[in-house]
Amino acid sequence: MPGDVVVEDVEKVVSDDGSDRMVRLGSYGGMVRALLLQSQGDDDNDDDDESEDSAAAEETMLLWGIQQPTLSKPNAFVSQSSLSLTIDACGHSLSILQSPSSLITPGVTGAVMWDSGIVLGKFLEHAVDSGLLNLQGKKIVELGSGCGLVGCIAALLGGEVILTDLPDRLRLLKKNVEVNLGHGNVRGSATVTELIWGDDPDMHLIEPVPDFVLGSDVIYSEGAVADLLDTLHQLCGCKTTIFLAGELRNDAILEYFLQAAMKDFLVGRVDQTQWHPDYNSGRVVLYVLVKK
């Protein structure tokens, strides 16, 4: 393990083209493109800030220039006008209940499914099947669980999952967990609890420290970034691996999040070649984060 990287759970590999940006982060066995690698002994905060700003700007330019999200079909894997969504995962047919009428309420987006949730859930399944990820018996906290698809898949893959969301979102979330996991034929477990970003989390969320933290479509406004990162700081230890999937709607909001996140986390982008082959979208991005 190279000595110039300040996280123990990072392996840097020089690719065939000479790039040293490909790394393994945390407990994910696949190679990801590091947005920025920080060297030990780099104490110049001004230089750090400049590097983080440049890396975030470069990343958003690459995504919008190469993936061209505006040209991809939105909601390719979901139907937000339907009362339920059926998806096959882990040998089960999952029926995810939605509340389309909730979309008329400003700020309420978690009552329907989004492509990023489908992509993240199916990525987890594919990564486990490919031997790149092991969720069996691992403590997993999902942020902004919404309809609960990602957490349900993680539980089917063997994780001990705690799905979290705001108090007014828990009724639908609990119903989906009961409908899809209540049959008992589940390798792991799933519980639902309230979590407001920025508030102190309940002790059962942080003791013991989660092995994984998951989130889909959690980067949606600049105003939520500080509370999201504060919660990630409180939940995560040095061995926690974070997977965040997001819809590419606004390059300024994503750049703002990445600038802030890279101050305390190493961030790597998972290439779409590692996603589930049937669930790729130019409108979605998937990151792995670990604490520095």
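Of the 292 residues in the protein chain, 51% are buried, meaning that their relative accessible area is under 20% with a 1.4 Å probe and protein chains only. This is a predicted model, in which local features need pLDDT of at least 70 and side-chain atom pairs count only at pLDDT 80 or more, while totals for chains, interfaces and linings use all residues. Residues are numbered from 1 along each chain as its sequence is written, and side-chain values use heavy atoms, with hydrogens and water left out.

The secondary structure comprises seven helices and 12 strands, taken as DSSP runs (helices H or I, at least four residues; strands E, at least two) numbered from the N terminus. Among contacts with a separation of 6 or more, 71% join residues 24 or more positions apart, a contact being heavy atoms within 4.5 Å.

Three loop residues deserve a look at their backbone angles.

| Residue | Angle | Loop |
|---|---|---|
| Pro208 | omega near -5° (cis bond from Glu207) | between H5 (203-206) and E9 (212-216) |
| Cys90 | phi about 55° | between E4 (84-89) and E5 (92-97) |
| Asp217 | phi near 55° | between E9 and H6 (222-235) |

Asp217 is buried, with a relative accessible area of 10%, and this residue is also among those nearest the centre of the second largest pocket, together with Ile219, Tyr220, Glu247 and Arg249. A pocket here is an open set of points on a 1 Å grid, where a 1.4 Å probe fits, with protein on both sides within 12 Å along at least five of seven lines, and lining residues have an atom within 4 Å of a point. The lining has 16 residues, and strand E10 (241-247) gives the most, with four.

Notes: Buried < 20%, exposed > 50% of the residue type's maximum accessible area, 1.4 Å probe, protein only.
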